[in-house]
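This report describes the fold, the sheet, the surface and a few selected residues of one protein chain. The sequence and the model are shown first.

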Amino acid sequence: MAYTWNNSHKYLETGEFDKQYYTGLDKGGDGLYWRIFDNGVLQMFGLDGVFNPEGDSLTFEKTIKAYNKYSNPLEVNVEYNNEIIYSEVVATAESELYMPAFLKNILSSDSNSLKATSSRVVTETPELIRTFNFAKYLWKATGLQDVAEGITNSIDEFFSN
């Protein structure tokens, strides 16, 4: 699931997607900066609900895709945890399976339910590059670049004299 997180059109099994869904093409993929508005990032800063996507969020669409694919006969739950410095996908699968009493004792369980959880950090090079480019844009747009150049020039002048 984490492997396919950067493009909701990827097939869960292979990670492949059709050419028209490449992120850089018009109306392809999920858009370059979908995470800013549709990934819960703004709620960390108290801005949740400021930019509401139309229809279901991409995060919901991505998690429900796995739920729909794997929920029979398993009960699958997929969660996306977005932190400031990393993001992770947590998948939990649960199934009823007859177990003899001695196996229940070994597992310290009273039910026939088996549960497994897996988590994976979402890593992708294009997102790192996009985030860097966005930070660079904000740096220039807010005028911090000019301030930094002034400081650098002052330091250069101090040491060159």
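How many bridges join strand 2 to strand 3, and do the two run parallel or antiparallel? In this predicted model, 9 bridges connect strand 2, residues 87-96, with strand 3, and the two strands run antiparallel. Within this pairing, serine 95 lies opposite leucine 114 of strand 3.

**Overall fold**

The protein chain contains 5 helices and 3 strands. Along the sequence these elements follow the pattern α-α-β-β-α-β-α-α. Of the 161 residues in the chain, 25% count as buried. Among the contacts in the chain with a separation of 6 or more, 44% are made by residues 24 or more positions apart. The chain exposes about 11800 Å², and carbon and sulfur atoms supply 56% of that area.

**The sheet**

The 3 strands form an open sheet in the order 1-2-3, with antiparallel pairing. Strand 1 (75-82) and strand 3 (113-121) occupy the edges; each has a single partner strand, so one side of each is left without a neighbour in the sheet. From one strand to the next, the twist averages 15°.

Tyrosine 86 is located in the loop between strand 1 and strand 2. Its relative accessible area is 35%, and tyrosine 86 is therefore classed as partly exposed. Leaving aside neighbours within four places in sequence, tyrosine 86 is in contact with Asn81 and Val121. For the second of these residues, valine 121, the C-alpha atom is separated from that of tyrosine 86 by 7.0 Å, although the two are 35 residues apart along the chain.

**Helix 2 and the salt bridge**

A search of the whole structure finds 1 salt bridge. Lysine 69 forms a salt bridge with glutamate 13, and the closest N and O atoms are 2.6 Å apart. This pair links distant parts of the chain: lysine 69 belongs to helix 2 (residues 58-70), glutamate 13 lies in the segment before helix 1 (34-38), and 56 residues separate them.

Lysine 62 also has its place in helix 2. Is lysine 62 buried or exposed? Its relative accessibility is 3%, so lysine 62 counts as buried, whereas lysine 69 is partly exposed at 46%. Lysine 62 and leucine 12 are 50 residues apart in sequence, and their C-alpha atoms are 10.0 Å apart in space.

**A nonpolar surface patch**

Leu97, Phe102, Ile106, Leu107 and Leu114 make a nonpolar surface patch of about 500 Å². Which element supplies the largest share of the nonpolar patch? Helix 3, residues 101-107, does so with 3 residues. Isoleucine 106 is placed in helix 3, and its relative accessibility of 62% makes it count as exposed. Leucine 114, also in the patch, is the residue that stands opposite serine 95 in the sheet.

**Accessibility of selected residues**

The table collects the residues discussed above.

| Residue | Relative accessible area | Class |
|---|---|---|
| Lysine 62 | 3% | buried |
| Tyrosine 86 | 35% | partly exposed |
| Lysine 69 | 46% | partly exposed |
| Isoleucine 106 | 62% | exposed |

The classes follow from two cut-offs, because buried means under 20% relative accessible area and exposed means over 50%. Tyrosine 86, with 35%, is partly exposed, and lysine 69, with 46%, is partly exposed as well.

Notes. Residues numbered from 1 in each chain as written. Predicted model: local features only at pLDDT ≥ 70, side-chain atom pairs only at ≥ 80, totals over all residues. Heavy atoms only, no water. Pairing = 2+ DSSP bridges. Helix = DSSP H or I, 4+ residues; strand = E, 2+ residues; numbered from the N terminus. Axes fitted to C-alpha atoms, helices over the stretch in contact; angles between N-to-C directions. Salt bridge = Lys/Arg side-chain N within 4 Å of Asp/Glu carboxyl O. Buried < 20%, exposed > 50% of the residue type's maximum accessible area, 1.4 Å probe, protein only. Patch = residues over 30% accessible without salt bridge, like charges linked within 9 Å, V, L, I, M, F, W, Y side chains within 5 Å. Areas by Shrake-Rupley, 256 points an atom, 1.4 Å probe, with all protein chains shown as cover. Contact = heavy atoms within 4.5 Å.
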